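Open the model in your viewer and keep the sequence panel visible. The tour below goes from stop to stop, saying what to select and what is there.

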Amino acid sequence: MEAELAATHPVVMALAERTRTGSRPGERTDGLRIALAIEGGGMRGTISAGMALALAQAGLTDAFDAIYGASAGAITGAWLLTGTPEQLRGWAEPQYANAMIRFRNAWRGKPIVDVHDLVEHLYVEVAKMDFDAILAHPVTYHPLATDVRTGLATDLHPYLGSPADVRLALRASAALPLLAGPPVALGGRLFYDAGLAESIPYRTALAQGATHVLVLRSRPAGPPPRPRRGPSLGSRLVAATALRHSAELRTAYYSRPSRLAEDTTLLTTHNTTPLTSPHPSVLTVHPAPTAPAVGRLTRSPHLLTAALEAGQAATAPLLALLTPPHP
């Protein structure tokens with residue numbers, strides 16, 4: 001992200017003005033709706049968690065009107081609204097990774113990624129997440145998941161009436177077929193991981209009236225990946241076994257590569273050729289090309305710490321433009 005461009009990007013200008021004036025959620029006068037969209041990707045979400053931590057440390061959480069998160073990004077978004085965003089450092093702690101990723105479960109017929117234990121035990125009894133604070137926060141929380149019947153990305157915000165609902169939403173947003181357990185029931189519907197339908201949760205934010213969106217990516221910038229000509233054997237196996245709920249769900253699953261390519265192209269265009277009012281504006285923060293390559297199931301504390309720090313470093317140029325220099 002070039003400094004010359006970023007300084008005049010509408011998202012930067014809108015956030016800088018809110019920072020300058022001390023604008024607070026619920027007391028806005030600028031007529032804007034600014035959303036934060038956080039990409040996940042399993043433990044790769046440690047990178048976007050580092051970015052979110054940097055924003056929180058700079059006091060920018062209240063500059064947003066809504067936070068949208070997909071999968072691991074939904075967990076990160078929740079921590080931002082608890083009043084203890086420093087807990088985002090937990091992404092790099094062995095206790096977190098070991099609670100979530102248990103390779104031995106494969107031999108026991110259980111999910112390798114134990115999102116249930118992470119949310120219902122670790123976040124309730126150990127690294128306690130203040131679910132009431134999330135519900136009461138004036139910045140609205142929008143975890144996304146994929147409806148197994150329609151195959152569409154779904155905002156779970158309307159279903160969040162209690163702390164138990166927030167926990168279900170966190171689990172639903174990360175419930176991966178075969179890897180992280182069965183779909184999660186919430187509001188009379190079944191949901192799988194948000195990434196099946198919307199892994200970069202900016203489209204829902206725009207559809208719900210966001211005028212500006214800041215996107216935190218867990219992948220470095222680069223050309224869009226080339227979609228396969230057809231689904232791989234592994235993909236067809238997953239679709240035939242774990243995604244039998246609906247043809248729409250299987251279609252969403254098969255179209256993920258082409259959707260990622262489309263999102264990458266579109267977000268790059270927004271960064272380099274930003275639209276001005278009345279069009280919505282989107283700005284994406286990417287980790288540097290040298291950021292550590294973190295996989296969905298990475299557990300190495302050294303690698304995850306480096307990933308968290310890479311996320312923080314990637315946000316530094318943006319923060320330099322948003323926070324006024326000290327006299």
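## Stop 1: Glu27

Select Glu27, which counts as exposed at 58% relative accessibility. This is a predicted model, so every value on the tour is computed from predicted coordinates. Glu27 is found in the loop between H2 and S1. Now add Pro138 to the selection. Glu27 and Pro138 are 111 residues apart along the chain, yet their C-alpha atoms are separated by 9.9 Å.

## Stop 2: Strand S7 and its neighbours

Next, select residues 212–216, which make up strand S7. Are the residues of this strand buried or exposed? Five of the five are buried, and S7 is mostly covered.

Show the side chains. In a regular strand, side chains alternate between the two faces of the sheet. In S7, His212, Leu214 and Leu216 point one way, while Val213 and Val215 point the other way.

Add strand S1, residues 34–38. S1 pairs with S7 in the parallel sense, over five bridges. To find a matching position, look at Ile38, which stands opposite Leu216 in S7.

Then add strand S8, residues 281–285. S8 also pairs with S7 in the parallel sense, over five bridges. Here Val213 stands opposite Val282 in S8.

## Stop 3: Strand S3 and its neighbours

Move to residues 140–147, strand S3. Seven of its eight residues are buried, so S3 is largely enclosed by the rest of the structure.

Which strands pair with S3? Select these in turn:

- S2 runs parallel to S3 and is joined to it by five bridges; the bridge partner of Ala66 in S3 is Thr140.
- S4, residues 153–155, pairs with S3 in the antiparallel sense over three bridges; Ala145 stands opposite Thr154 in S4.
- S6, residues 189–192, runs antiparallel to S3 and is joined to it by two bridges; the bridge partner of Thr146 in S6 is Tyr192.

Before leaving, zoom in on the hairpin of S3 and S4, which has five residues between the strands. Gly151 in this hairpin takes a positive phi near 75°.

## Stop 4: Ser71

Select Ser71, in the loop between strand S2 (66–70) and helix H4 (72–80). What is the phi of Ser71 near? It is near 60°, a positive value in a residue other than glycine. Most residues other than glycine have a negative phi. Ser71 is also buried, with a relative accessible area of 7%.

## Stop 5: Salt bridges

Side chains of opposite charge can pair when their charged atoms come close. How many salt bridges does the structure hold? There are 13, and three of them are visited here.

Begin with Glu17 and Arg20. Their closest N and O atoms are 2.6 Å apart. The two are three residues apart in helix H2 (residues 10–21), so about one helical turn separates them. Glu17 is partly exposed, with a relative accessible area of 38%, and Arg20 counts as exposed at 60%.

Now select Asp65 and Arg18, whose side chains meet in a salt bridge at 2.9 Å, N to O. This pair links distant parts of the chain: Asp65 is in the loop between helix H3 (45–57) and S2, and Arg18 is in helix H2, 47 residues apart. Both partners are buried, Asp65 with a relative accessible area of 12% and Arg18 with 2%.

For the next pair, select Glu120 and Arg167. Their side chains meet in a salt bridge at 2.9 Å, N to O. Glu120 lies in helix H6 and Arg167 in helix H8 (residues 163–173), so the pair ties together parts that are 47 residues apart in sequence. Glu120 counts as partly exposed at 22% relative accessibility, whereas Arg167 is buried at 18%.

Return to Arg18 and Asp65, and add Arg28 and Asp30. Salt bridges that share partners join these four, Arg18, Arg28, Asp30 and Asp65, into one network.

## Stop 6: A charged patch

Finally, show the surface and select Arg104, Arg108, Lys110 and Arg299. These residues gather in a patch of positive charge on the surface. To place Lys110, look in the loop between helix H5 (94–100) and helix H6 (115–126).

Notes. Residues numbered from 1 in each chain as written. Predicted model: local features only at pLDDT ≥ 70, side-chain atom pairs only at ≥ 80, totals over all residues. Heavy atoms only, no water. Patch = residues over 30% accessible without salt bridge, like charges linked within 9 Å, V, L, I, M, F, W, Y side chains within 5 Å. Areas by Shrake-Rupley, 256 points an atom, 1.4 Å probe, with all protein chains shown as cover. Lys, Arg positive; Asp, Glu negative; His and termini not counted. Charge placed at Lys NZ, Arg CZ, Asp CG, Glu CD. Helix = DSSP H or I, 4+ residues; strand = E, 2+ residues; numbered from the N terminus. Buried < 20%, exposed > 50% of the residue type's maximum accessible area, 1.4 Å probe, protein only. Pairing = 2+ DSSP bridges.
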